[in-house]
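Student: I'm new to this structure and want to know what the labels rest on. Could you take me through them?

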Amino acid sequence: MKSFGERLSYLRNKKGLSQEELSKILKIAKSTLGMYEIDKREPNHEMTAKIAEFFDVKVGWLTTGKIEKESVPSPLPEAVILNVIKEAETKYNINLRDDPLVEEAVRDLIENIAKIKLSGNKDH
């Protein structure tokens with residue numbers, strides 16, 4: 001696949017989505033998506049990131065077609081926490097970011113995990 005548009009079209013078809021369905025998900029006009037797919041328009045950086053996130057691909061691959069080497073072997077805890085929050089937001093159709101209750105719950109969870117690990121290390 002030589003272009004951004006070809007890669008976008010490939011991803012959309014692979015997921016079995018029509019242009020209309022994907023445009024609704026991305027909250028853009030169907031004609032805009034069509035222009036992306038035939039390389040007559042390019043999305044801004046935010047939209048490119050949104051597309052990459054939706055299809056779970058790297059922005060670099062989406063924009064250049066090149067596979068980037070992983071510099072980190074596993075996700076950082078921050079990324080894991082953010083993914084869990086995003087999954088819950090999607091599942092329950094609510095916004096959990098910038099919610100003091102979520103921040104407090106995450107702090108409590110991390111503190112409890114630290115205590116468990118600390119108590120486990122004392123036994124060894």
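Tutor: Sure, starting with burial: a residue is buried under 20% relative accessible area, exposed over 50%, and partly exposed in between, with a 1.4 Å probe and protein chains only. By that rule, 25% of the 124 residues of the protein chain count as buried. Keep in mind that this is a predicted model, where local features need pLDDT of at least 70, side-chain atom pairs count only at pLDDT 80 or more, and totals for chains, interfaces and linings use all residues. Residues are numbered from 1 along each chain as its sequence is written, and side-chain values use heavy atoms, leaving out hydrogens and water.

Student: How many helices and strands does the protein chain have?

Tutor: Seven helices and zero strands. Those are DSSP runs numbered from the N terminus: H or I of at least four residues for helices, E of at least two for strands.

Student: Why is the pair of Phe54 and Phe55 called edge-to-face?

Tutor: Rings of Phe, Tyr and Trp (its six-membered ring) pair if their centres lie within 6.5 Å; planes under 30 degrees apart are stacked, over 60 edge-to-face, the rest tilted. The centres of Phe54 and Phe55 are 4.9 Å apart and the planes stand at 80 degrees, so the pair is edge-to-face. The structure holds one aromatic pair.

Student: Are those two rings buried or partly exposed?

Tutor: Phe54 has 27% relative accessibility, so Phe54 is partly exposed. Phe55 has 9%, so Phe55 counts as buried.

Student: What sits over the ring of Phe54?

Tutor: The charged end of Lys15, 4.6 Å from the ring centre. The rule asks for NZ of Lys or CZ of Arg within 6 Å of the ring centre and within 35 degrees of the ring normal.

Student: Which residues of helix α3 are buried?

Tutor: In α3 (residues 30-37), they are Thr32, Leu33, Gly34, Tyr36 and Glu37. Their cover includes α1 (4-14), α2 (19-26) and α4 (45-55), counted by contacts, meaning heavy atoms within 4.5 Å. Just after α3, Asp39 takes a positive phi of about 60 degrees.

Student: What makes up the lining of the second largest pocket, by class?

Tutor: It has 10 nonpolar, no polar and no charged residues. Nonpolar takes in Ala, Val, Leu, Ile, Met, Phe, Trp, Tyr, Cys and Pro; charged means Asp, Glu, Lys and Arg; the others, Gly among them, are polar. Among the lining residues are Val80, Ala88 and Leu109. The largest share, five residues, comes from α6.

How values were computed: 1 Å grid on protein atoms, 1.4 Å probe; cavity = no way out; pocket = protein on both sides within 12 Å on 5 of 7 lines; lining within 4 Å.
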